[in-house]
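Colleague: I should like to go through this structure step by step. Please explain the reasoning behind each answer.

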Amino acid sequence: MAAAAQDRGGSLSVHQVLCRWAPAYLAQFGAAMPSRQREVLQALLTCRTPALGGALHYCPNCDHRHFRYHSCNDRHCPQCGGQDAQQWLQQNAGQLLPANYFLVTFTVPEGLRRWIRSHPHRGYDLLLAASSQALQDLAQNPKRLGATLGLLGVLHSWTRTLEYHPHVHYLVPGGGLSLDQRQWISSRPRFLLPVKALSDRCRTLFRQALQKQMPEAPADLPPKVWQQRWVVHSAAAGSGQNALRYLSRYVFKTATGNRQLQLLPNGRLRWPFRHSGTGTWRHIDLQPFEFLRRFLQHVLPAGFHRVRRFGWLHPGGRARLKRVCALLKIPPRLSAAEQAAWQPPAQSQGASPAPAPQPDALPAPTLRCPHCGHTLLLGGQWRPGQNRHALIPNPALGVPRATGPP
């Protein structure tokens, strides 16, 4: 495979593609691009370059020194966020409840996508609000479940070929807190709520909210948007571990990670993807500018939260979450401050010790020496735009100033 890739022009990572063609793309289309897309693209081009400065990490065990340029830490960057995603996965996996989970997905109809792309902040907010409320409305109906759900929602806006396709995934425990908050009500093992009713309710709530916020907007949209049934899919997800792992891939990234693309002799980029129907790997060939266009259309509005929690998983529902844990007879989920202040209750003689509550956060990951695995210490930093020989040493370690080329 490697030899074949070389014969066809080699391969490039997604970030290398951005760095190679973004300057020309900005020169040709920059004036017509949304300012947010220009801002993000320019940030990605500085990632792990001297423009952001860097740091020297020192291993006290084997005396190796490791130079690292700073990352941009932009959530759209294909090469950032790996450690953050792993930490997020570990933190949330440790808080899964002993229940059957479901992955419920709400998809925007085609006739509404252009409007949302033109009004991303308002459109995404409406989609998240309408879909989460549809789930709660049906679940709280005594003829359905008669309970309030806890929802973890993650907004995606792309298909496997990077086309624009807004949808929301919800990881939902199979059960909820009764309306009087006195019992846990379990759903059926492989059925949560009817998808047709969810579809109609989400469409109605979205239209009502849009009519209230932008009275002129519904009339500008194709009538079919309000007549057709919106696509909602619900599938049993077992313990929730695999679904959570899938969602974690794009909590700190947008559209793609830093995968490798083949550069073909005709100048096109070969984008591999797994077909959702058959599970087989396929590919499409894209012009570099078309690849950048597809990538940039998924840039989120500044300050927009892609991951949101609802019901008793919302940060404001901590008291109800503790009640859920008590009803399920598991340790309560505590904040970092509560965990630090928690003291185990006194135990009577012969009684088994009380289980420790689960913390809400994990300690920050540490850097390890690639040679011996020992924890690295910060030896010094150099400022943005400076070379490594301008390193400012950490006086506490006595690490000498760096020498040699940047």
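Modeller: Let us begin with the sheet that has four strands; please bear in mind that the model is predicted. The four strands form an open sheet, and their pairing is antiparallel. Their order is S1-S11-S12-S13.

Colleague: Which strands stand at the edges of this sheet?

Modeller: An edge strand has a single partner strand, so one side of that strand is left without a neighbour in the sheet. Neighbouring strands here are turned by 35° against each other on average, direction ignored. The strands at the edges are S1 (11-13) and S13 (281-286).

Colleague: Which residue is the bridge partner of Trp271 in S13?

Modeller: Strand S12 covers residues 269-274 and is joined to S13 by six bridges. These two strands run antiparallel. In S13, the partner of Trp271 is Ile284.

Colleague: At what angle does helix H11 run to S13?

Modeller: Two helices may be described here. Helix H2 (residues 14-29) packs on the sheet, where it touches S1, S11 (260-263) and S12, and its direction makes about 95° with that of S1. Helix H11 (residues 288-296) also packs on the sheet and touches S11, S12 and S13. The angle between the directions of H11 and S13 is about 110°.

Colleague: Which charged residue sits over the ring of Trp271?

Modeller: A charge sits over a ring in two places that can be cited. The charged end of Arg308 is over the ring of Phe304, 4.7 Å from its centre. Over the ring of Trp271, at 4.1 Å from its centre, sits the charged end of Arg259.

Colleague: Let us turn to the sheet of five strands. Which are its edge strands?

Modeller: This open sheet has antiparallel pairing and the order S10-S4-S7-S6-S14. Each edge strand pairs on one side only. The edge strands are S10 and S14 (307-311).

Colleague: Which residue in S14 stands opposite Leu152?

Modeller: Strand S6 (residues 150-158) is joined to S14 by five bridges. The two strands run antiparallel. Opposite Leu152 in S14 stands Arg309.

Colleague: At what angle does H7 run to S10?

Modeller: Helix H10 (residues 241-248) packs on this sheet, touching S4, S6 and S7, and its direction makes about 145° with that of S7. Helix H7 lies across S4 and S10. The angle of H7 to S10 is about 140°.

Colleague: How far does H7 reach from its first C-alpha to its last?

Modeller: Helix H7 spans residues 195-213, which makes 19 residues. At 1.5 Å a residue, a reach of 27 Å is expected. The reach in the model is close to that expectation, at 27 Å.

Colleague: Which strands and helices do the buried residues of H7 pack against?

Modeller: The buried residues in H7 are Leu198, Ser199, Cys202, Arg203, Leu205, Phe206 and Leu210. An α-helix has 3.6 residues a turn, so residues three or four places apart point the same way. The buried residues of H7 pack against S4 (101-107), H5 (110-118), H6 (120-140), H8 (217-220), H9 (224-227) and S10 (232-236).

Colleague: Why is the pair of Phe106 and Tyr170 called edge-to-face?

Modeller: A pair of aromatic rings is described by the distance of the centres and the angle of the planes. The centres of the rings of Phe106 and Tyr170 are 5.9 Å apart. Planes over 60 degrees apart count as edge-to-face. The planes of this pair are at 90°, so the pair is edge-to-face.

Colleague: How many residues apart in sequence are the parts that this pair ties together?

Modeller: Phe106 is buried, with a relative accessible area of 1%, and Tyr170 is buried at 0%. Phe106 lies in S4 and Tyr170 in S7 (residues 164-173), so the pair ties together parts of the chain. Their separation in sequence is 64 residues.

Colleague: Is His121 buried or partly exposed?

Modeller: His121 is found in H6 and is in contact with Pro301 and Phe304, leaving aside its neighbours within four places in sequence. Buried means under 20% relative accessible area, and exposed over 50%. At 37%, His121 counts as partly exposed.

Conventions: Residues numbered from 1 in each chain as written. Predicted model: local features only at pLDDT ≥ 70, side-chain atom pairs only at ≥ 80, totals over all residues. Heavy atoms only, no water. Expected span 1.5 Å × (residues − 1). Buried < 20%, exposed > 50% of the residue type's maximum accessible area, 1.4 Å probe, protein only. Contact = heavy atoms within 4.5 Å. Pairing = 2+ DSSP bridges. Axes fitted to C-alpha atoms, helices over the stretch in contact; angles between N-to-C directions. Phe/Tyr/Trp six-rings, centres within 6.5 Å; stacked < 30°, edge-to-face > 60°. Lys NZ or Arg CZ within 6 Å of the ring centre and 35° of its normal.
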